[in-house]
Amino acid sequence: MSDHGFDEIIDRRGTSSIKWDQYGEKDILPLWVADMDFRAPPAIVEALGHRIEHGIFGYTHPPDELTRAVVSMLEAEYGWQVENAAVLWLPGLVAGLNLACRATCEKGENVVTAVPIYPPFLSAPVHSGLSVSQAALVQQNGRWEYDFEALERAILPQSRLFLLCNPHNPVGRVLDEDELSKIAQLCEKHDLFICSDEIHCGLLLDGEKRHVPIASLSRKIEKRTITLMAPSKTFNIPGLSVSFAIIPDPSLRQRFSRAMAGIVPHVNALGYTAALAAYRDCSKWHLDLIDYLAKNRDLVEQSIPQMGLAMAHVEATYLAWIDARHIENPALFFEKAGVGLSDGADFGCHGFVRLNFGCPRSRLAAALQRMKSALR
Ligand SMILES: Cc1ncc(COP(=O)(O)O)c(C=O)c1O
């Protein structure tokens, strides 16, 4: 068994888990929605235990110690210096995407993004009465890349905001400094705000890669950027609803705060407790998780071609983006084979499925075996 029990099979049924309730009593292994079947780090469980013992869960403001921990993490990990005031706490990153649309655009304006993409990138603008322009990512040199000409063509005169996902869900890319600079230059040229969803920044699986927050490229880019981060993916606490926006520019921050006023609730007290433990006390667990996920990733990357399916190398996230275009309705096909995957159509790309490999290896191997048998 691995050090932190990542191999342990834990029954999640009866916990109202969205991932596990999807298929009820059916014998379907759920490898879809993006949470992991691992217990949160012991330091988080312990901190929550102490907080629960206190027994009073009144209105709670963001602890200064937590904001300082985030600011220190940004400097230590990415060399990015921001003031404490730049950090705004939010009960969810999807709320952050919607708020970014409201803070930067007027009704009838346009938001640009690159597909395939996590579905709320496509729905958030629509919720605010905005249109969406999509630039397709392309597969080149065995990886998914931006087509910068297509991206520029997607920018309309009424475009005001670019929604960036880095590391990218679902294609698993970690954009390098050169790619980020080209995106930033286009946003400057066309005067677009940037909202950069970096929720997967703690899940880089290849040692030599580094995450670069687009806002850290320069003070000029930082001024037009809302960065969204959270401990939820890395430390497997998405049900605790704790995330944050980093908005160094005071006037953009004021616009974002105004969009929040009266409709965005506080983060819950347990979320703050978990986040502080995550950023302060979980570095060893985090290293072990990355090691475990990288091995799961390797298993998926070995198995998928043997099935006659294709995927690019996953540089970050615990999500594999699988090309199954020769199968009619692949999500339904694999569901019938006993494996629940996310349907690529929801990400703007028919014929693909997304497989979540954040689970014990034996479960992953069983799911891959089911997929293999169904395709035989
Ligand atoms: C890119 C991305 N952004 C946001 C979220 C969800 O964030 P939250 O649960 O904080 O709303 C996810 C979850 O899968 C995601 O992959």
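Two residues are in contact if their C-beta atoms, placed from the backbone, lie within 7 Å. This criterion will serve for the tour below, which concerns a predicted model.

**The two domains.** Begin by colouring residues 18-42 and 283-375 as domain 1, and residues 64-281 as domain 2, following the domain assignment of the chain. The C-alpha centres of these two domains are 25 Å apart.

**Where the domains meet.** Next, display the boundary between them, where 27 residues of domain 1 are in contact with 31 residues of domain 2. On the domain 1 side, select α11 (283-306), β12 (319-323) and β15 (352-356), the elements that each give two or more residues to this surface. The largest share comes from α11, with five residues. Colouring the domain 1 side by class will show 17 nonpolar, five polar and five charged residues.

**Along α11.** Now isolate α11, a helix of 24 residues. From its first C-alpha to its last it reaches 35 Å, close to the 34 Å expected at 1.5 Å a residue. Show the side chains of its buried residues, among them Trp 285, Leu 289, Tyr 292 and Arg 297. Then bring back the surroundings: what covers the buried residues of α11 includes β11 (310-311), β12, β15 and α13 (361-375). Following the chain onward from α11, select Gly 308, whose phi is positive, near 80 degrees.

**Around the ligand.** Finally, centre the view on the ligand and display the 13 residues around it. Which of them come nearest? They are Ala 34, Gly 92, Leu 93, Val 94 and Asn 169. By class, the shell consists of eight nonpolar, four polar and one charged residues.

Note on methods: Residues numbered from 1 in each chain as written. Predicted model: local features only at pLDDT ≥ 70, side-chain atom pairs only at ≥ 80, totals over all residues. Near = placed C-beta within 6 Å. Nonpolar A, V, L, I, M, F, W, Y, C, P; charged D, E, K, R; others polar. Domains from an automatic or database assignment. Helix = DSSP H or I, 4+ residues; strand = E, 2+ residues; numbered from the N terminus. Expected span 1.5 Å × (residues − 1). Buried ≥ 20, exposed ≤ 12 C-beta atoms within 10 Å, placed from the backbone.
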